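This report looks at how the helices pack and where the backbone takes less usual turns. Please keep the sequence and the structure in view while reading.

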Amino acid sequence: MDRKAQFLKVYANLPQATREEIVAVVKSEPYTWQSAKLEIEQDTPIGQEILNLLVGLKILS
């Protein structure tokens with residue numbers, strides 16, 4: 001399973017309130033689960049950085 005699919009699986013299992021919490025900070029800009037999902041779905045460079053951060057945090061493998 002690729003990282004994008006892993007992220008979407010984790011995201012789908014999050015409670016609604018948790019999706020509004022900050023999950024990553026890229027270039028001094030905080031990203032919530034919701035905004036991270038948008039970046040990742042659109043395959044932006046920031047989305048790739050978020051995926052790499054989540055792997056580093058061992059949220060994704």
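At 36% relative accessibility, Glu41 counts as partly exposed. The model in which Glu41 is placed is a predicted one. Glu41 belongs to helix 2. Setting aside neighbours within four places in sequence, Glu41 is in contact with Lys4 and Leu8. Arg19 is 22 residues from Glu41 in sequence, and their C-alpha atoms lie 15 Å apart in space.

**Helix 2**

Helix 2 spans residues 33-41, and its buried residues are Trp33, Ala36, Glu39 and Ile40. These four cover an arc of only 120° around the axis, which puts them on the same side of helix 2. What does this buried set pack against? The partners are helix 1 (3-12), strand 1 (22-26), strand 2 (29-32) and helix 3 (45-56).

Ala36 is one of the buried residues of helix 2. Its relative accessibility is 0%, so Ala36 counts as buried, the cut-off being under 20%. Not counting residues up to four places away in sequence, Ala36 touches Phe7, Val23, Tyr31 and Ile50. Pro15 is 21 residues from Ala36 along the chain, and 16 Å separates their C-alpha atoms.

**Helix 1**

Helix 1 buries Gln6, Phe7 and Tyr11. Seen down the axis, these residues fall within an arc of 135°, so they line one face of helix 1. Lys9 and Ala12 are exposed on the other side of helix 1. The buried residues of helix 1 pack against helix 2 and helix 3.

**Helix 3**

Helix 3 has 12 residues. From first C-alpha to last, helix 3 reaches 17 Å, close to the 16 Å expected at 1.5 Å a residue. Which residues of helix 3 are buried? They are Gly47, Ile50, Leu51 and Leu54. Their arc around the axis is only 100°, which puts them on the same side of helix 3. Pro45 and Gly56 are exposed, on the face of helix 3 turned away from its buried side. The buried residues of helix 3 pack against helix 1, strand 1, strand 2 and helix 2.

**Helix 1 against helix 3**

At what angle do helix 1 and helix 3 pack? The angle is about 75°, and the axes are 11 Å apart. Angles of 65 to 115 degrees count as roughly perpendicular, and that makes helix 1 roughly perpendicular to helix 3. Helix 1 brings Arg3, Lys4 and Phe7 to the contact. Helix 3 brings Leu51, Asn52, Leu54 and Val55. By class, the contact has four nonpolar, one polar and two charged residues.

Some of these names recur. Phe7 is among the buried residues of helix 1, and Phe7 is also touched by Ala36. Leu51 and Leu54 are among the buried residues of helix 3. Lys4 takes part in the contact of helix 1 with helix 3, and Lys4 is in contact with Glu41 as well.

**Strand 2**

Pro30 has its place in strand 2. With a relative accessible area of 40%, Pro30 is partly exposed. Leaving aside neighbours within four places in sequence, Pro30 is in contact with Ile22, Ala24 and Val25.

**Positive phi**

Most residues other than glycine have a negative phi. The residues below have a positive one.

| Residue | Phi | Place |
|---|---|---|
| Lys27 | near 55° | loop between strand 1 and strand 2 |
| Asp43 | about 55° | loop between helix 2 and helix 3 |
| Lys58 | about 65° | just after helix 3 |

Is Lys27 buried or exposed? Lys27 is exposed, with a relative accessible area of 68%. Asp43 comes just after helix 2. Asp43 has its positive phi although it is not a glycine.

**Overall picture**

The three helices share partners. The buried residues of helix 2 pack against helix 1 and helix 3, among others. Those of helix 1 pack against helix 2 and helix 3. Those of helix 3 pack against helix 1 and helix 2, and also against strand 1 and strand 2.

Methods. Residues numbered from 1 in each chain as written. Predicted model: local features only at pLDDT ≥ 70, side-chain atom pairs only at ≥ 80, totals over all residues. Heavy atoms only, no water. Buried < 20%, exposed > 50% of the residue type's maximum accessible area, 1.4 Å probe, protein only. Helix = DSSP H or I, 4+ residues; strand = E, 2+ residues; numbered from the N terminus. Arc of directions from axis to C-beta. Contact = heavy atoms within 4.5 Å. Axes fitted to C-alpha atoms, helices over the stretch in contact; angles between N-to-C directions. Parallel < 35°, antiparallel > 145°, perpendicular 65-115°, else oblique. Nonpolar A, V, L, I, M, F, W, Y, C, P; charged D, E, K, R; others polar. Expected span 1.5 Å × (residues − 1).
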